[in-house]
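Please open the model in your viewer and keep the selection tool at hand. The tour below moves from one selection to the next and says what is to be found at each stop.

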Amino acid sequence: MSLLPATPVVHVLHENPDWFGPFQAAFEAAGVPYREWLLVDGVLDLDEAPPAGIFWSRISASAHTRGHGLSKDYTRSVLNWLEAYGARTVNGRRTIELEVSKVDQLTRLRAQGFDVPRTRVVVGTHRLAEAAADFPTPFITKHNQGGKGLGVQKFDSAAELAAAIAAGEYAEPEDGISLLQEFVVSAHADVTRVEIVGDEFIYAITADTARGGYQLCPADACAIDPTTGALLLPPGATIMPEAGQQIFALREGFEHPIVDRYRDFLRTEGIEIAGIEFIETADGRVVTYDVNTNTNYNAEIEAVAPKSGPGAIVAYLAGVLAASYPQVGARP
């Protein structure tokens, strides 16, 4: 969107145009001025003040899987620069650290009293089998810097894991850090994701792990590809859903105390837009295992949901822009 540099706009910091379509449509439908800033590579002059507007970061932990290995560090630099100049960021500098580290997520969740999976952090893939020797079985592995289910595999023993590593069947994590984690069994073969925008609960969705594994990005651009990444599947499950079946569904009428606890968590961490995922087990646990700060939305769910996720985000950003530049009257 072409705008004069002096015009206050919502600057969208991201690296994946394939994910931007629903947000572009929401911005344009609401008449909210925006500009995309692709943080793939570039030049940043620290002596120049930022352009007018607010800055919404949508950088993903999985950027490196799209050939954008520089995006996360570039984003750190840009957010440092923006916040040093006092620019208003949404999901700013602190949030990028939570996005790119599952260790960060789990330690912060645990600190606020959430039930999280038992986890052992392993630095160096060559240490994984050793670290798993006395870990309860079965267990799963995953990459610390993940997204899209990176490195998620189920193993029944340390020996099985060692054999997989020796055969080259465990991909090296981007930051060299892997997680050994307890295998949490869902009571209903699904997980729930709670979407929150600006402290408002938007809706919850379920994701069918029996057919979708754990590569559960809900965006239409994330259609599951059985050749990409490792999937965690229960015995006998298929990778692709059968014709006419959907992996994701709206969890209608969802009311649960966990929602307010998630809202408290996000406020404490300074995160304004996120989707948080949990598993309900047969023995009554509610296990929170992932915080997504660049949340995506599924078109089929959006068609039946009581609110629009991208619409709620754009309305929230419009309010932040208006509050930052009241003379402009940015709210549609």
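Select His 14 and then Leu 38 in β2, and you will find the two residues standing opposite each other. The model you are looking at is a predicted one, and this pair is a convenient place to enter it. His 14 belongs to strand β1, residues 9-14, which pairs with strand β2, residues 34-38, in the parallel sense over five bridges.

Now widen the selection to the whole of β1, which is mostly covered, six of its six residues being buried. In a regular strand the side chains alternate between the two faces of the sheet. Here Val 9, His 11 and Leu 13 point one way from β1, while Val 10, Val 12 and His 14 point the other way, and all are buried.

Add strand β3, residues 53-57, which pairs with β1 in the parallel sense, again over five bridges. To see one of these bridges, select Val 9 together with its partner in β3, Gly 53.

Which order do the strands of this open sheet follow? Reading across, you pass β2, β1, β3 and β4, four strands with parallel pairing. Since β2 and β4 (89-90) each have a single partner strand, they stand at the edges, and one side of each is therefore left without a neighbour in the sheet.

Next, follow the chain out of β1 to Pro 17, which is placed in the loop between β1 and α1. With a relative accessibility of 47%, Pro 17 counts as partly exposed. If you also select Glu 36, which is 19 residues away along the chain, you will find the two C-alpha atoms separated by 9.2 Å.

Beyond this loop, select helix α1, residues 21-30, which lies across β1, β2 and β3 and runs at about 155° to β2. Then add helix α10, residues 309-324, which packs against α1 at an angle of about 55°, with the two axes 9 Å apart. The two helices are therefore oblique to each other, and α1 passes α10 in a right-handed crossing. To display the contact, select Pro 22, Phe 23, Ala 26, Phe 27 and Ala 30 of α1, together with Pro 310, Gly 311, Ile 313, Val 314 and Leu 317 of α10. When these contact residues are sorted by character, nine are nonpolar, one is polar and none is charged.

Leave the helices and select strand β9, residues 190-197, which is mostly covered, with seven of its eight residues buried. Add strand β10, residues 200-208, which runs antiparallel to β9 and is joined to it by eight bridges. Asp 190 stands opposite Asp 208 in β10. The two strands form a hairpin with two residues between them, and Gly 198, in the turn, has a positive phi of about 55°.

Strand β12, residues 273-280, is also antiparallel to β9, and six bridges join these two strands. Select Thr 192 to see it opposite Phe 278 in β12.

For the last stop, go to Gln 246, in the loop between α7 (209-212) and β11 (248-250). Is Gln 246 buried or partly exposed? Its relative accessible area is 41%, so Gln 246 is partly exposed. Finally, select Ala 207 as well: Gln 246 and Ala 207 are 39 residues apart in sequence and 8.8 Å apart in space, taken from C-alpha to C-alpha.

Notes: Residues are numbered from 1 along each chain as its sequence is written. This is a predicted model: local features need pLDDT of at least 70, side-chain atom pairs count only at pLDDT 80 or more; totals for chains, interfaces and linings use all residues. Side-chain values use heavy atoms; hydrogens and water are left out. Axes are lines fitted to C-alpha atoms, for helices over the stretch in contact, and angles run from 0 to 180 degrees between N-to-C directions. Angles under 35 degrees count as roughly parallel, over 145 as roughly antiparallel, 65 to 115 as roughly perpendicular and the rest as oblique. A crossing is left-handed if the near helix is turned anticlockwise from the far one by less than a right angle, and right-handed if clockwise. Contact means heavy atoms within 4.5 Å. Ala, Val, Leu, Ile, Met, Phe, Trp, Tyr, Cys and Pro count as nonpolar, Asp, Glu, Lys and Arg as charged, and the others, Gly among them, as polar. Buried means under 20% relative accessible area, exposed over 50%, partly exposed in between (1.4 Å probe, protein chains only). Two strands pair if DSSP finds at least two bridges between them.
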